[in-house]
Amino acid sequence: MSTTFQPLTKRSQVVSDKKMTLLERIYLPAILKGMSITLKHFLTPRKATVKYPEQERPRSAVYRGHHVLKRDEQGRERCTACGLCAVACPAEAITMVAAERRKGEENLYREEKYAAVYEINMLRCIYCGDCEDACPKEAIFLTDRIVEADYLRKPFVFGKNELVEPMEKSKRIDVSKRQTPEVLKFKEQRQYSHNR
Ligand code: SF4
Ligand code: SF4
């Protein structure tokens with residue numbers, strides 16, 4: 001029994017088997033057309049490179065770069081090592097080791113559990129922002145900071161030293177740029193669905 005093929009979209013095209021002309025077969029017009037485009041770009045050069053890191057290209061306000069693990073107002077680490085960011089990460093770039101907060105450490109960690117080890121492999125990371133979206137504690141954010149290049153792979157495994165923001169309030173990492181009304185609305189809706 002034959003089945004009639006029904007296209008799901010209107011993107012498909014009928015392929016033509018029209019015979020090529022002599023000019024088409026020797027590719028000369030196509031080569032000349034390509035060369036003219038190359039020549040046009042050669043004669044009207046645009047500045048394609050900048051002297052990074054002295055110069056930087058302007059980046060979008062919602063650029064997603066180097067993550068930060070935030071502290072709360074009192075300087076305590078917000079992360080409770082719940083692991084939701086690691087589960088949400090499509091690149092499996094996040095690993096952590098949870099620990100129990102001990103007596104006397106209340107000024108360091110906001111809740112009873114914290115991440116003794118928290119690592120992101122920046123070579124695996126695709127900067128999708130899913131970890132930020134998944135975090136129920138507003139602990140991890142992507143920022144507009146660039147992850148600098150290196151010759152080795154090892155420095156790209158960022159630990160708490162690279163991720164947790166400084167204790168001093170004047171040196172805290174500003175994450176407000178990416179918190180646009182749309183992003184905040186999304187987070188509010190997500191929080192609502194978690195609480196249901
Ligand atoms: S930005 Fe995306 S890929 Fe990178 S660590 Fe977060 S969830 Fe994983
Ligand atoms: S960053 Fe957020 S989601 Fe990830 S372990 Fe810490 S509290 Fe949980």
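Here are some short exercises on this predicted model, each with a worked solution.

In this model, local features need pLDDT of at least 70 and side-chain atom pairs count only at pLDDT 80 or more, while totals for chains, interfaces and linings use all residues. Residues are numbered from 1 along each chain as its sequence is written, and chains are lettered from A and ligands numbered from 1 in the order in which they are written.

**Exercise 1. Confidence**

Task: Find the mean pLDDT of the protein, and say which elements have the lowest and the highest mean pLDDT.

Solution:
- Start with the scale: pLDDT is the predictor's confidence in each residue, from 0 to 100.
- The average over the protein is 89, and 92% of the residues score at least 70.
- Now go element by element, where helices (H or I, at least four residues) and strands (E, at least two) are DSSP runs numbered from the N terminus.
- Helix H6 (residues 181-195) has the lowest mean, 73, and helix H5 (residues 160-163) the highest, 98.
- A word of care: where pLDDT is low, the predicted coordinates should not be read in detail.

**Exercise 2. The sheet**

Task: Work out in which order the strands of the open sheet lie, and which are its edge strands.

Solution:
- Two strands pair if DSSP finds at least two bridges between them.
- S2 and strand S3 (residues 113-121) are joined in the antiparallel sense by 7 bridges. Within this pair, Ile94 faces Ile120 of S3, and Met96 stands opposite Tyr118 of S3.
- S3 and S5 also run antiparallel, with 2 bridges; here Ile120 has Phe158 of S5 as its bridge partner.
- Put together, the 3 strands give the order S2-S3-S5. Strand S2 (94-100) and strand S5 (157-158) are the edges, each pairing on one side only.

**Exercise 3. Two ligand shells**

Task: Describe the residues around ligand 1 and ligand 2, and sort each shell by class.

Solution:
- A residue is near a molecule if its C-beta atom, placed from the backbone, lies within 6 Å of it.
- Ligand 1 has 15 residues around it, and Cys89, Cys125, Cys128, Asp130 and Cys131 come nearest.
- Around ligand 2 we find, among others, Cys79, Cys82, Cys85, Cys135 and Lys137.
- For the classes, Ala, Val, Leu, Ile, Met, Phe, Trp, Tyr, Cys and Pro count as nonpolar, Asp, Glu, Lys and Arg as charged, and the others, Gly among them, as polar.
- The shell of ligand 1 then has 13 nonpolar, 1 polar and 1 charged residues, and that of ligand 2 has 9 nonpolar, 2 polar and 1 charged.

**Exercise 4. The core**

Task: Identify the residues with the most contacts inside the largest nonpolar core, and the element that gives the most to it.

Solution:
- A residue is buried if 20 or more other C-beta atoms lie within 10 Å of its own, exposed if 12 or fewer, and partly exposed in between, with C-beta atoms placed from the backbone.
- A nonpolar core is a set of buried Ala, Val, Leu, Ile, Met, Phe, Trp, Tyr and Cys residues joined through C-beta atoms within 7 Å.
- The largest has 22 residues, and those with the most contacts are Leu69, Cys79, Cys85, Ile94, Cys131, Cys135 and Ile140.
- S1, helix H3 (84-88), S3 and S4 each give two or more residues to this core, and S3 gives the most, with 4.

**Exercise 5. Helix H2**

Task: Decide whether H2 is buried or lies in the open, and compare its span with the expected one.

Solution:
- The number of buried residues among the 16 of H2 is 0, so H2 lies largely in the open.
- Phe42 belongs to helix H2 and counts as exposed, with 8 C-beta neighbours inside 10 Å.
- The expected span is 1.5 Å times one less than the number of residues. For H2 this should be 22 Å, and the end C-alpha atoms are 22 Å apart, which agrees.

**Exercise 6. Unusual backbone**

Task: Locate the cis peptide bond and the places where a residue has a positive phi although it is not a glycine.

Solution:
- The cis bond joins Tyr52 and Pro53, with omega about 10°. Pro53 sits in the loop between helix H2 (28-43) and strand S1 (65-69).
- Tyr127 has a phi of about 55°, in the loop between S3 and helix H4 (130-134).
- Glu138 has a phi of about 50°, in the loop between H4 and strand S4 (140-143).
- Tyr127 is partly exposed, with 16 other C-beta atoms within 10 Å, and Glu138 is partly exposed too, with 15 inside 10 Å.
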